[in-house]
Amino acid sequence: MFRFLSHFLSNDIAIDLGTVNTLIYVRDRGIVLDEPSIVAVQTGLPNGKTKIVAVGMEAKKMQGRAPRNIEIIRPMKDGVIADFNITERMLGLLIKKATGGRMIVPPRVVICVPGGSTQVERKAIRDSAFATGASSVHLIEEPMAAALGASLPIEETAGSMIVDIGGGTTEIGILSLGGMAYSDSVRAGGDAFDESIVHYVRRKRGVLIGGATAEELKKKIGSAFGNDDMSAVRVKGRDLSEGTPKSIAVTTDEVREALSEPLNQIVRAVRLALEQAPPELAGDIADRGIMLTGGGALLKGIDTLLADATGLPVGIADEPLNCVAYGAGKALDYIGKWDAVFAENP
């Protein structure tokens, strides 16, 4: 009977508010929602008002197909809020969808923020969460959440290093004694990978492809480190000189070359973190290595690239896409018990 009631009365929610996807974790239920951070907004209404007609997956399906009075918006950019009003409304609708509107008690919320986010950006995220009806909002840096989700021993004296490659940013953290000893946020992630492929194909092949096509190339034949696989994928785009549709074959080597710049940004940031780490923690990391999480960890060869660049062992967490959300969910148990886990408290 108690478990039945707790399903309806649970007041603990963790949110991974990502540039590409938003994941919501509810205590005792796990991840209950994983949807694109996209909103479809109807414009041209009387008095300049707007109306949200779809969020998440429903809004994503409308991309490229919506009529002129429907605007498709991604309110998150590089891991932070770009449109406060739309983010607030999106969060409220996604929370309602995740809980079925059955949250009788105003929820306590743990929400992730990039390690390099400013106080202004963090305030915007807090205010958005409070506006959805949260009773309290606890911010946790994404590297900390990723480390918890990857089951790193963050409470130990020995240091651990995490690299979370998300859609908008790559979050780097060194953790010890339950807190952050170092954190950095690099605005290079899955979106930057896709943009680099689009720009490369346009510059080198004279063909304009869309972001969805670039993502397909990344997933099918993308790699971060040289290998003998010479696969190719045929894609369709628009010939820039003729203005007509054109089909071309793009190879693994071409995609790897296209990805080199954002990958180099990540490598430079990881090296900087190791240079900035206190000597004792650097020694711990030399023994334990680096843990990769986030969707970017699924890029073929990225662990080999970082291992080659740093000389350290590099591992990939189980379920890397969900690590931040799982970690934020675990952080619910730290509320009032271990404040060092959180970036800010109410």
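Select strands β9 (residues 108-113) and β10 in this predicted model. The two strands run parallel and are joined by six bridges. To check the register, show Ile111, which stands opposite Leu139 in β10. Now add helix α4 (residues 119-131): together with β9 and β10, helix α4 makes a right-handed β-α-β unit.

Keep β10 (residues 136-141) and colour the residues by accessibility. Six of the six residues are buried, so the strand is largely enclosed by the rest of the structure. Turn on the side chains next. Ser136, His138 and Ile140 point one way from β10, while Val137, Leu139 and Glu141 point the other way. Both sets are buried, Glu141 and His138 included.

**Helices α5 and α11**

Select helix α5 (residues 142-149) and helix α11 (residues 323-331). Their axes lie 6 Å apart and the helices pack at an angle of about 90°, which makes α5 roughly perpendicular to α11. For the contact, show Glu142, Ala145, Ala146, Leu148 and Gly149 on α5. The α11 side of the contact consists of Cys323, Val324, Tyr326, Gly327, Ala328, Lys330 and Ala331. By class, the residues of the contact of α5 with α11 are eight nonpolar, two polar and two charged.

Stay on α11 and hide α5. Helix α11 is mostly covered, with seven of its nine residues buried. The buried residues of α11 are Cys323, Val324, Ala325, Gly327, Ala328, Gly329 and Ala331.

**The sheet β5-β4-β6**

Select β4, β5 and β6. These three strands form an open sheet in the order β5-β4-β6, with antiparallel pairing. β5 (51-55) and β6 (70-73) stand at the edges and have a single partner strand each, so one side of each is left without a neighbour in the sheet. From one strand to the next, the twist averages 30°.

Zoom in on β4 (residues 39-42) and β5, which run antiparallel and are joined by four bridges. Within this pair, Gln42 stands opposite Lys51 in β5. Then add helix α3 (residues 84-99). Helix α3 lies across β4, β5 and β6, and runs at about 50° to β5.

**The sheet β14-β15-β16**

Select β14, β15 and β16. Here three strands form an open sheet in the order β14-β15-β16, and the pairing is antiparallel. The edges are β14 (207-208) and β16 (245-251); each has a single partner strand, so one side of each is left without a neighbour in the sheet.

Two bridges join β14 to β15, and in that pair Leu208 stands opposite Arg238 in β15. On the other side, β15 (residues 232-239) and β16 pair over seven bridges. Two positions to label on β15 are Ala232, which stands opposite Thr251 in β16, and Arg234, which stands opposite Ala249 in β16.

Follow the chain from β15 into β16. The hairpin has five residues between the strands, and Gly243 in the hairpin takes a positive phi near 75°.

**Pro278**

Last, select Pro278, found in the loop between α8 (252-276) and α9 (279-288). Is Pro278 buried or partly exposed? Its relative accessibility is 35%, so Pro278 counts as partly exposed. Draw a distance from the C-alpha atom of Pro278 to that of Ile174: the separation is 10.0 Å, although the two residues are 104 residues apart along the chain.

Key:
Residues are numbered from 1 along each chain as its sequence is written. This is a predicted model: local features need pLDDT of at least 70, side-chain atom pairs count only at pLDDT 80 or more; totals for chains, interfaces and linings use all residues. Side-chain values use heavy atoms; hydrogens and water are left out. Buried means under 20% relative accessible area, exposed over 50%, partly exposed in between (1.4 Å probe, protein chains only). Two strands pair if DSSP finds at least two bridges between them. A crossover is right-handed if, with the strands pointing away from the viewer, the path from the first strand over the helix to the second runs clockwise. Axes are lines fitted to C-alpha atoms, for helices over the stretch in contact, and angles run from 0 to 180 degrees between N-to-C directions. Angles under 35 degrees count as roughly parallel, over 145 as roughly antiparallel, 65 to 115 as roughly perpendicular and the rest as oblique. Contact means heavy atoms within 4.5 Å. Ala, Val, Leu, Ile, Met, Phe, Trp, Tyr, Cys and Pro count as nonpolar, Asp, Glu, Lys and Arg as charged, and the others, Gly among them, as polar.
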